[in-house]
Amino acid sequence: MNRSIERHLNILDFTLASLLRRKGKNGSLLAVYLLVVFLLASLQFYVTALKREASAILDDAPDLVVQRLMAGRQDLVPAAFVGEISRIRGVTRVKPRWWGYYYDSVNGANYTVLVSDDPAVTPGRVAVGAGVARARNLAVGDLVPLVSYDKKPLMVEIASIFPHRSDLVAADMILMTAQDFHLLFNFPDGQATDLAVSVRNPKELPTVAAKIVALHPDARPILKSEMLRTYQSIFDWRGGMTLMVLASALLSFIIFAWDRATGLSAEERREIGILKSIGWETSDVLLLKLWEGTVISLTAYLLGTVLAYGHVFFLSAPLFAQALKGWSVIYPRFQLVPVVDIYQLAVLFFLTVVPYTTATVVPCWRAATTDPDAAMRI
Amino acid sequence: MRRSVQFLLFICTSMALFLALPLHAQYEQRHAQKEPEVLRNLQVTDLCLVTEARYTRHPALADRHAPFQEHPLALEHFPSGSLIMPNNFQGAAP
């Protein structure tokens, strides 16, 4: 066998034996390291996958949503806006939307109620998300009593329940006809919650938005690009969730790497002294420490990343679910479509493996270049 | 078998698993089912991640001061408000 490979194998044998001699210390080191990589990689997978889901969902979103503000708060949009906005050059369609929130006093959940023109949804028959069905223990064909805003009961029958895989869109949704919606919320005629506007040329969107504001100063247009930007900023590294996990994980890693970098234990110095006195070269000692750092960091990185992938994409990230759940009664049980960003995995590698390996080699280089006799006497 | 060879075999297996992740992700993306037509027709603007407050359920449509609208001097009090950033409108009214 090639002499160089044999030398590396011999040193690796010695490294593994040396690591196993201090099982407790190195085992706990590996566990902490693995946990840090696991948390950072889980977060990265989770956020990247959610960003992808958000952009996939926003593909179908309207080009422009027009809301109306009254004293700074969102108000209903009069039907007259539809005709006026339709006449703006470049606008292809203006669709009024009716939607709102229904608070269920039975379980304290908030539902999102939308008007749908789906043929399965007829007066008295609604389609619900899997989260609603779970919260109220519903099945297709069940009757659900809702209480309207003028205190009259509105009995609706469950026509269909959306599959679990749609939870990320529809977990808390109730789709009903416009007639039922008006009965439930005592909604005034000739008004809509907001308007979905389609524009022929996406480049004209800011101009159309400006024209809408000029026409109705109380209107508030929201561009599709702004919706996308909202989701990019929610899952940005500066975002609350990301920053919280990132800061704690990075801080613990810095403390941990600092501890390694600031010096060797007396036992390790003595070991280096003995190795040098029995004829090991400085380069051999450095190689030994490099292998030691590599064994720990590479194992932690590879296992941490693979476990994080399983945690996020097979187990649906139960660690983050608790943080997002808050006081919500309905929580979606979604399975994210896996996304792996090679660039971010490379960044994670250079943020964890490289500094740690360097941190183990530098103090050893200092110890290995001193006199063996002096190293053994410390 | 030498310890070093055992370790290298372990690293090779882990590396193979690691390299399989992007392949698995690509396969899943190709075979991911689209949302039902009825949901796509709704033209939804937000993910159903957090349902406790309207501004965390629909962050894309909420305004920046929605968390503080309950009454004058109201403080934001939903736990998810600390995790979900406010929307990012540039130039438009909040």
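This briefing describes one helix, the contact between two chains, and the domains of chain A. The structure is a predicted model, in which local features need pLDDT of at least 70 and side-chain atom pairs count only at pLDDT 80 or more, while totals for chains, interfaces and linings use all residues. Residues are numbered from 1 along each chain as its sequence is written, and chains are lettered from A in the order in which they are written.

**Helix H10 of chain A**
- Helices here are DSSP runs of H or I with at least four residues, numbered from the N terminus.
- The 12 residues of H10(A), residues 266-277, should span 16 Å at 1.5 Å a residue (1.5 Å times one less than the number of residues), and the end C-alpha atoms are 16 Å apart, which agrees.
- The buried residues of H10(A) are A:Arg269, A:Ile272, A:Gly273 and A:Lys276, where buried means that 20 or more other C-beta atoms, placed from the backbone, lie within 10 Å of the residue's own.
- Seen down the axis of H10(A), these buried residues fall within an arc of 100 degrees (taken from the directions from the helix axis to the C-beta atoms), so they line one face of the helix.

**Contact between chains A and B**
- The contact takes 62 residues from chain A and 50 residues from chain B, counting two residues as in contact if their C-beta atoms, placed from the backbone, lie within 7 Å.
- On the side of chain A that touches chain B, helix H11 (residues 282-313) of chain A gives the largest share, seven residues.

**Domains of chain A**
- Domain 1 covers 3-58 + 234-377 and domain 2 covers 99-186, with bounds from an automatic or database domain assignment.
- The centres of domain 1 of chain A and domain 2 of chain A, taken over C-alpha atoms, are separated by 48 Å.

Technical notes
Helix = DSSP H or I, 4+ residues; strand = E, 2+ residues; numbered from the N terminus. Buried ≥ 20, exposed ≤ 12 C-beta atoms within 10 Å, placed from the backbone.
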